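This report describes one protein chain for a reader who has not met it before. Please look over the sequence and the structure before reading on.

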Amino acid sequence: MAHDNPRRPVLVAAVAGLLALTASLAGTPAAAAAPGTPYLPKPAGPHRVGTTSLHLTDAARPDPWVPAARTRELMVSLWYPTGAQAGRRAPYVTPKESELLLKGSGIKELEDVPPDGLSRTRTNALEDAEPSGRRRSLPLVVLSPGFTWPRSSLTGLAEDLASRGYVVAGIDHTYENFATTFPDGRIATCAACANVNDDDFGQRVIRSRAIDTRFVLDRLTGPQPAWKGGALIDPARIAMAGQSIGGAAVPETMLQDARVRAGINMDGSLFLPIADGGLARPFMLMGAPSNDGTWQRDWERLTGWKRWLVVKGALHPSFTDYDMLLQQLGVDLGSGLKGTRSLDLTRRYVAAFFDLHLRGRPQPLLNKPSKRYPEVLFCAPPAKNC
């Protein structure tokens, strides 16, 4: 988790500058690393992966960050199994989105990182490929990214889950990140960043994201789904994961929407405490070493199956694509997880959690430490090794 004080939601703003902070602590781009073409490693599952984007509009809700916008517009990426043998690989981000993200995060100040560097990332999913599967056969996982970071920041995880037979919906929470591009070419930037000094900012973000997620679930699983593959989704097997404040939004979403059967918080401070009544559905906390007390505060309020995993050597971006991709671009953030290790660990433990709780498949990996993944510590208060 980021080192946030749960009594000061303004520190959500620190997430926006975290890459710049860690880069400055590390000094300069890694001298031994020649920047190359960044890539996402191949997914581990048996299925090929397709992807598409949806532009959804909630006409019943004004935008929470731009009052002049009388509707809430969202961009959603879907990743899913496909039988397609060939096609165009989907872009990671546009060159302009890359530029705005790198500038907003402070990375553009470092040498040898071109403004369009992230847009060069090689993905694995085939753009607009035909989805495959039987009616109501595919579990659905919703992904919510960190504050100021777009839905694409979790592409590596999404591709892997889709290759294992999941439908994955990544949500851009409009005006909460550096760049969201709509089909007509409009680019929404971080209007919410102007509110980070408000005392209740973190709580507002979490509550808004819970509403966003409920709306997306309605549009994907309703009687007239917005996606042509909507009939493949099993509405009885829905889960959610998020990174940073996206992870902090998962418990609130689960409490507000019983369709979400299981959840994962990846390195997110719980700015909005879990209600006193607790959360009885399966939940996993997975993060970097931290002094954040919000996880300890709410641990006892998780009354169902639960795990608390701490990853040695991880940084806040290690639970996104960025730790790995920036290494590939020659930037040393100071992570102890080299190469693709950060994504490998995230993929493996997240998939195990969802396979257990949405598919009922036993997962010994989640029962005790693994020699194969020695970085992952099993923690619970008052474990001193975490």
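The text below goes from the chain as a whole to the largest pocket, then to some helices, strands and single residues.

This is a predicted model, in which local features need pLDDT of at least 70 and side-chain atom pairs count only at pLDDT 80 or more, while totals for chains, interfaces and linings use all residues. Residues are numbered from 1 along each chain as its sequence is written, and side-chain values use heavy atoms, with hydrogens and water left out.

**The chain**

The chain holds nine helices and twelve strands; helices (H or I, at least four residues) and strands (E, at least two) are DSSP runs, numbered from the N terminus. Of the 386 residues, 59% are buried. Here buried means under 20% relative accessible area, exposed over 50%, and partly exposed in between, with a 1.4 Å probe and protein chains only. Among contacts between residues at least 6 apart in sequence, 72% join residues at least 24 apart, a contact being heavy atoms within 4.5 Å.

**The largest pocket**

The volume of the largest pocket is about 520 Å³. A pocket is an open set of points on a 1 Å grid over the protein atoms alone, where a 1.4 Å probe fits and protein lies on both sides within 12 Å along at least five of seven lines; lining residues have an atom within 4 Å of a point. Grid points are joined across faces, edges and corners, and the volume is the space filled by probe spheres set on the points.

The lining of the largest pocket has 30 residues, and Ser 53, Ser 77, Pro 91, Tyr 92 and Arg 151 lie nearest the centre. Strand E1 (48-58), strand E2 (72-82), helix H3 (95-105) and helix H4 (155-163) each give two or more residues to this lining. By type, the lining residues are 13 nonpolar, eleven polar and six charged. In this division Ala, Val, Leu, Ile, Met, Phe, Trp, Tyr, Cys and Pro count as nonpolar, Asp, Glu, Lys and Arg as charged, and the others, Gly among them, as polar.

**Helices H3 and H4**

In H3 the buried residues are Glu 97, Ser 98, Leu 101, Leu 102 and Ser 105. Seen down the axis of H3, they fall within an arc of 125 degrees, so they line one face of the helix; the arc is that of the directions from the helix axis to the C-beta atoms. Pro 95 and Lys 103, on the other side of H3, are exposed.

Ser 98 has a relative accessibility of 0%. Among the residues it touches, not counting those up to four places away in sequence, are Val 93, Pro 115 and Ser 119. Ser 98 and Ser 119 are 21 residues apart in sequence, and their C-alpha atoms are 5.7 Å apart in space.

H4 is mostly covered, with nine of its nine residues buried. Its cover includes E1, E2, strand E4 (138-144), strand E5 (167-172), strand E9 (260-266) and helix H9 (341-359).

**Strands E5 and E11**

Six of the six residues of E5 are buried, so this strand is largely enclosed by the rest of the structure. Val 167, Ala 169 and Ile 171 point one way from E5, and Val 168, Gly 170 and Asp 172 point the other way. E5 runs antiparallel to E2, with five bridges joining them, and pairs with E4 in the parallel sense over four bridges. Two strands pair if DSSP finds at least two bridges between them. Trp 79 has Val 168 in E5 as its bridge partner, and Leu 140 stands opposite Val 167.

Strand E11 (residues 306-311) has five of its six residues buried, so it too is largely enclosed by the rest of the structure. E11 pairs in the parallel sense with strand E10 (residues 283-287) over five bridges.

**Residues with positive phi**

Most residues other than glycine have a negative phi. Which residues outside glycine have a positive value near 60 degrees here? They include Asp 128 and Ser 244, as listed in the table.

| Residue | Phi | Place | Relative accessible area |
|---|---|---|---|
| Asp 128 | about 60 degrees | loop between strand E3 (126-127) and E4 | 48%, partly exposed |
| Ser 244 | near 60 degrees | loop between strand E8 (233-243) and helix H6 (245-256) | 4%, buried |

Two glycines also have a positive phi: Gly 106, which follows H3, near 85 degrees, and Gly 165, just after H4, about 100 degrees.
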